[in-house]
Amino acid sequence: MSTKEVLLQQALILFRREGYDATGVQKVADAAGVGKPTLYHYFGNKRGLLNAVLTTNLESFWTEFDAATAYNHDIVKTLESIARVYFEFAKKNPEFYSWFLSMGNVPSEGDIHDEVGPLYEKQWSALAELFLAASKDHGNMKGRHQRYAYTFLGIINASIQAYFTGLIKLNDRDVFDTCHQFMHGIFS
């Protein structure tokens, strides 16, 4: 791994274990075996490091997510594709995704909020647009696109949390069950 990759890896480990605010750049530099000037060379400052950890780890996710959220006039198939993207990403990146999930409830000020907030908004907006497009085919969905966006993302993330605790495997059956539960509610 390059020095930059080692810094990103160590930052993720420390941010997840100790929290972003409690992790100083010296601690990250020490864990990576470099001096602070090297960290500053690559990232500018601690917030730049945070941004790079997020950007680097989410790069492949956004490509797959953007493709999966393109509505193809089959809402069930589209939702299953989206769930599969999330599940596969969480399985391949458990350290990152569990940390990313934990940042959803941070105070409304500070670096974490400023860097992560737009990433959550990007997800919600894309899902809301999907449900808005689907409402043209499914009249009973009209006016509910925002609620559907955050409840669908909520059930996906609840399933991922269940995977992290060993309750489910995030396999094709779990994709089906998660989407079926969302589509049909508790009486399915």
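Start by selecting K46 and Y20: K46 lies over the face of the Y20 ring, 4.4 Å from the ring centre. Keep in mind as you click around that this is a predicted model. Now try a second spot of this kind, K122 and W62. Here the charged end of K122 sits over the W62 ring, at 4.1 Å from its centre.

**Zoom out**

Show the whole chain as a cartoon. You should find 9 helices and 0 strands, so the pattern along the sequence reads α-α-α-α-α-α-α-α-α. The C-alpha atoms fill a box of roughly 60 × 30 × 30 Å along the principal axes. Switch on the surface, and you are looking at about 10100 Å² of accessible area, 52% of it belonging to carbon and sulfur atoms. Of the 188 residues in the chain, 41% are buried. Take contacts between residues at least 6 apart in sequence: 64% of them join residues at least 24 apart.

**Two stops on the outside**

Select A22, in the loop between helix 1 and helix 2. Is A22 buried or exposed? With 53% relative accessibility, A22 counts as exposed, because the cut-off for that is over 50%. Add W99 to the selection: A22 and W99 are 77 residues apart along the chain, and their C-alpha atoms are separated by 14 Å.

Next, go to D30 in helix 2, residues 25–32. D30 is exposed too, with a relative accessible area of 51%. Draw a line from its C-alpha to that of L7 and you get 9.5 Å, for two residues 23 apart in sequence.

**Into helix 6**

Select residues 94–102, which make up helix 6; its buried residues are F96, Y97, S98, W99, F100 and L101. What covers them? The cover includes helix 1 (3–18), helix 4 (46–68), helix 5 (75–92), helix 7 (111–134) and helix 8 (145–164). Try colouring each of these helices separately.

Stay on F100 for a moment. Leaving aside neighbours within four places in sequence, F100 is in contact with L54, L58, V116, L119, Y120 and Q123. F100 is also one of the two residues with the most contacts inside the largest nonpolar core, the other being Y86. That core has 60 residues. In soluble globular proteins, nonpolar side chains tend to be buried together.

**Rings along helix 7**

Now show the aromatic side chains. How many aromatic pairs are there? The count comes to 23. Begin with Y120 and W124: their ring centres are 5.8 Å apart and their planes meet at 20 degrees, so this pair is stacked. Both residues are in helix 7, and being 4 residues apart puts about one helical turn between them. An α-helix has 3.6 residues a turn, so residues three or four places apart point the same way. Look at the surface around the pair as well: Y120 is buried at 10% relative accessibility, whereas W124 is partly exposed at 35%.

For the last stop, select F131 and F182. They form a tilted aromatic pair, 5.8 Å centre to centre with 45 degrees between the planes. F131 lies in helix 7 and F182 in helix 9 (residues 172–184), so the pair ties together parts that are 51 residues apart in sequence. Hide the surface to see this pair, because both F131 and F182 are buried.

Conventions:
Residues are numbered from 1 along each chain as its sequence is written. This is a predicted model: local features need pLDDT of at least 70, side-chain atom pairs count only at pLDDT 80 or more; totals for chains, interfaces and linings use all residues. Side-chain values use heavy atoms; hydrogens and water are left out. Buried means under 20% relative accessible area, exposed over 50%, partly exposed in between (1.4 Å probe, protein chains only). Contact means heavy atoms within 4.5 Å. Rings of Phe, Tyr and Trp (its six-membered ring) pair if their centres lie within 6.5 Å; planes under 30 degrees apart count as stacked, over 60 as edge-to-face and the rest as tilted. A charge sits over a ring if NZ of Lys or CZ of Arg is within 6 Å of the ring centre and within 35 degrees of the ring normal. A nonpolar core is a set of buried Ala, Val, Leu, Ile, Met, Phe, Trp, Tyr and Cys residues joined through side-chain atoms within 4.5 Å. Accessible areas come from the Shrake-Rupley method with a 1.4 Å probe; for residues, only the protein chains shown count as cover.
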